Amino acid sequence: MIDPFDDNYFMKQAYLEAEKAYELGEVPVGAVVVANQRVIARAHNLTEQLNDVTAHAEMQAITAAAGFLGGKYLKGCTLYVTLEPCVMCGGALYWSQLDKIVFGASDEKRGASSVGDLYHPKTEIVQGIMENECQAIMQEFFRSKR
């Protein structure tokens, strides 16, 4: 049986959040947290809107999901994010104890993997889901800023 709620489906949900960020003039990164095949948190970058360097999509999603679940740990959850998490977000994701992190485009300069493995050892990492689309929206955004 084909599961319509696979990694591609949920990455498309994160991509919709990235589009919202783009429209706000934010770096277009979107994220969703999923538990039991259900989106429990949606977020996108808000660093410009909130004037807060920590307001990355992942941080916003972690906070929303923890609020939804009523606890600080996100065991049993998966984070879908359009860009590889940065070092700051990688540290927060470590402490949140997610079961799985799925990201679209890699970030060779600022991604968490650029400084070693920052993720929790029990967290499964999947990369490259909708990579081309996630990379394209980032390139389009920065091209429009030049």
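## Salt bridges, a pocket and a few odd spots

Lys20 is partly exposed, with 43% of relative accessible area. Keep in mind that this is a predicted model. Lys20 is worth a look for its partner: its side chain meets that of Glu17 in a salt bridge, one of the two that a search of the whole structure turns up. The rest of this briefing goes through both pairs, then the largest pocket, then some individual residues.

**Salt bridge within helix α1**

- The Lys20–Glu17 pair sits at 3.0 Å, counted from N to O.
- Lys20 and Glu17 are three residues apart in helix α1, so about one helical turn separates them.
- The two ends of this pair sit in unlike surroundings: Glu17 is buried at 3% relative accessible area, whereas Lys20 is partly exposed at 43%.

**Salt bridge between helix α1 and strand β4**

- The other bridge joins the side chains of Lys100 and Asp7, with 3.2 Å from N to O.
- Lys100 belongs to strand β4 (residues 100-105) and Asp7 to helix α1 (residues 7-23), so this pair ties together parts that lie 93 residues apart in sequence.
- Lys100 counts as buried, at 17% relative accessibility, and Asp7 is buried too, at 18%; the cut-off for buried is under 20%.

**What else Asp7 touches**

- Besides the bridge to Lys100, the side chain of Asp7 makes a polar contact of 2.7 Å with the side chain of Tyr80.
- Setting aside neighbours within four places in sequence, the contacts of Asp7 are Tyr80, Lys100, Val102, Val126 and Ile129.
- Val126 is far off along the chain, 119 residues from Asp7, yet their C-alpha atoms are separated by 9.2 Å.

**The largest pocket**

- Rolling a probe the size of a water molecule over the atoms shows where empty space is left.
- The largest pocket holds about 650 Å³ of space.
- Its lining has 20 residues, and those nearest the centre are Leu83, Asp107, Arg110, Met138 and Phe142.
- By type, the lining of the largest pocket splits into eight nonpolar, six polar and six charged residues.
- Helix α5 (residues 131-145) is the top contributor to the lining of the largest pocket, giving four residues.

**Residues that touch the pocket-centre set**

- Glu84 sits in the loop between β3 (77-83) and α4 (87-96), and is buried at 4% relative accessible area.
- A polar atom of the Glu84 side chain lies 2.9 Å from the backbone nitrogen of Asp107, and Asp107 is among the residues nearest the centre of the largest pocket.
- Val27 is in the loop between α1 and β1 (30-35) and counts as partly exposed, at 28% relative accessibility.
- Leaving out neighbours within four places in sequence, Val27 is in contact with Ala21, Asn45, Met138, Phe141 and Phe142; Met138 and Phe142 also figure among the residues nearest the centre of the largest pocket.
- Between the C-alpha atoms of Val27 and Ala55 there are 11 Å, with their places 28 residues apart along the chain.

**Glu58, a buried acid in helix α3**

- Glu58 is found in helix α3 (residues 57-69), and at 4% relative accessibility it counts as buried.
- Neighbours within four places in sequence aside, Glu58 is in contact with Val29, Ala31, Leu79, Val81, Leu83, Pro85, Cys86 and Cys89.
- One of those contacts, Leu83, is also one of the residues nearest the centre of the largest pocket.

**Two positive phi angles to check**

- Most residues other than glycine have a negative phi.
- Asn51 is not a glycine, but it has a positive phi of about 55°.
- Met130 likewise has a positive phi of about 55° without being a glycine.
- Both are loop residues: Asn51 lies between α2 (47-50) and α3, and Met130 between β5 (124-127) and α5.
- Buried or exposed? Asn51 is exposed, at 74% relative accessible area, whereas Met130 counts as buried, at 12% relative accessibility.

How values were computed:
Residues numbered from 1 in each chain as written. Predicted model: local features only at pLDDT ≥ 70, side-chain atom pairs only at ≥ 80, totals over all residues. Heavy atoms only, no water. Salt bridge = Lys/Arg side-chain N within 4 Å of Asp/Glu carboxyl O. Helix = DSSP H or I, 4+ residues; strand = E, 2+ residues; numbered from the N terminus. Buried < 20%, exposed > 50% of the residue type's maximum accessible area, 1.4 Å probe, protein only. 1 Å grid on protein atoms, 1.4 Å probe; cavity = no way out; pocket = protein on both sides within 12 Å on 5 of 7 lines; lining within 4 Å. Points joined across faces, edges and corners; volume = space filled by probe spheres on them. Nonpolar A, V, L, I, M, F, W, Y, C, P; charged D, E, K, R; others polar. Polar contact = N/O pair within 3.5 Å; in protein donor to acceptor, adjacent residues only side chain to side chain. Contact = heavy atoms within 4.5 Å.
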